[in-house]
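Let's work through a few short exercises together. Have a look at the sequence and the model first, then try each task before you read its solution.

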Amino acid sequence: MLQSLLTDEFSKNVGRILTEGMLVEVKSHPSPGLVSPFSKGSHRDMDYNTFLRSTAALSKYMPYFVQIGLEYDDDILKRIRKIGFLAEKDMFSVTSGVNTQKGLIFLCGLIGASVGRCRKLNLSFDRKNISNIIKDITKGIVERELKNIDVNKYLTNGERLYLMYGIEGIRGEVERGLPTVLEYGLPAFEEGLKIGLNLNDSSVHSLIHIMAEVEDTTVINRKGLKGLYLMKDHAKNAIYLGGMSTKQGRLYIEKMDKNFIRENISPGGAADLLAVTYIIYKLEKMENNDEI
Ligand SMILES: CC(C)(COP(=O)(O)OP(=O)(O)OC[C@H]1O[C@@H](n2cnc3c(N)ncnc32)[C@H](O[C@H]2O[C@H](COP(=O)(O)OP(=O)(O)OP(=O)(O)O)[C@@H](O)[C@H]2O)[C@@H]1O)[C@@H](O)C(=O)NCCC(=O)NCCS
Ligand SMILES: Nc1ncnc2[nH]cnc12
């Protein structure tokens, strides 16, 4: 599959932004319960270096996702998954079997292909068009993959949690066109930059707003619905205190990190959506020739 797709300069540039998003996310701190350069968060089996290795391995695949959108009109989801499957294999091999960025591979596949498709159709690659194309590519995914699950096969966390609670997780997020990113992640990130926060602090500000809204199956998997509500309540308190824009908010977010580690909460889905937030922000800049 890789040999049959030759990537062009545009795909490489977009691929670079996808990789940058993964790096910006894992570099952000304090990131409650998550891995950062200063903390392993609520994890024993991975640290910052594991994420660097994983991101380096995945970077190779990013331009191919874009190329899919540039070259094909049909079976886009199937094609993304073919490449994604190879990427997952490489990820697990460099992390000794630890799941660092499985969700992100899928999300980057969809964003990359949707940007390729925008280019092909002469559409600007802004948040609205990316969201609409992702809705289109993933139309019916919840119905096909969750509502019709074969309960006798091995179930992934996402599938099991849908059966238990009806929670749609990453599939619901993409089929609805990334509402958590468009309605919460991006506005908070841009608000942070507008009031003068640096990249790190705007990212954490955005992360907190995402945590307040997302149905993160990584959290539910470990801690049940109680864990999800605990995460959301903490995030809402942090927002009430001003998030990263106030001293009280910052102190609260540092305390949140300690609480999440004590409670073994790691919002991996929220982390992925922060990466997506940054990626879409950066793609819009690229479109306007601002920062590339
Ligand atoms: C559609 C797929 C993403 C696969 O779906 P699957 O059913 O296999 O997976 P899910 O269990 O549904 O979870 C997928 C990951 O998505 C992230 N996530 C969770 N909730 C949301 C949400 N609401 N919105 C967006 N994203 C969300 C989350 O990924 C992050 O967390 C992972 C780290 O978690 P960790 O705590 O380590 O969890 P575990 O290893 O599970 O266990 P413990 O440590 O607790 O023991 C990390 O991956 C982050 O990225 C969910 O994990 C897609 O993969 C697919 O199509 N699969 C089919 C096979 C295929 O074709 N693969 C190639 C696809 S491109
Ligand atoms: N920084 C991070 N920490 C833990 N899990 C994650 N999944 C994606 N990014 C993560």
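**Exercise 1.** By class, how many nonpolar, polar and charged residues does the shell around ligand 1 have?

*Solution.* Before we count, note that this is a predicted model, where local features need pLDDT of at least 70 and side-chain atom pairs count only at pLDDT 80 or more, while totals for chains, interfaces and linings use all residues; side-chain values use heavy atoms, without hydrogens and water. Residues are numbered from 1 along each chain as its sequence is written, and chains are lettered from A and ligands numbered from 1 in the order in which they are written.

Step 1: a residue belongs to the shell if one of its heavy atoms lies within 4 Å of the ligand.
Step 2: Ala, Val, Leu, Ile, Met, Phe, Trp, Tyr, Cys and Pro count as nonpolar, Asp, Glu, Lys and Arg as charged, and the others, Gly among them, as polar.
Step 3: the shell around ligand 1 has 6 nonpolar, 14 polar and 9 charged residues.

**Exercise 2.** Which atom in Thr156 pairs with an oxygen atom of ligand 1?

*Solution.* Step 1: look for a polar contact, here a pair of N or O atoms within 3.5 Å.
Step 2: an N or O atom in the side chain of Thr156 is 2.4 Å from an oxygen atom of ligand 1.
Step 3: compare Gly103, whose backbone N or O atom lies 3.0 Å from a ligand 1 oxygen atom.

**Exercise 3.** Where does a nitrogen atom of ligand 2 meet Glu25?

*Solution.* Step 1: Glu25 is one of the residues surrounding ligand 2.
Step 2: the nitrogen atom is 2.8 Å from an N or O atom in the side chain of Glu25.

Note on methods. Polar contact = N/O pair within 3.5 Å; in protein donor to acceptor, adjacent residues only side chain to side chain.
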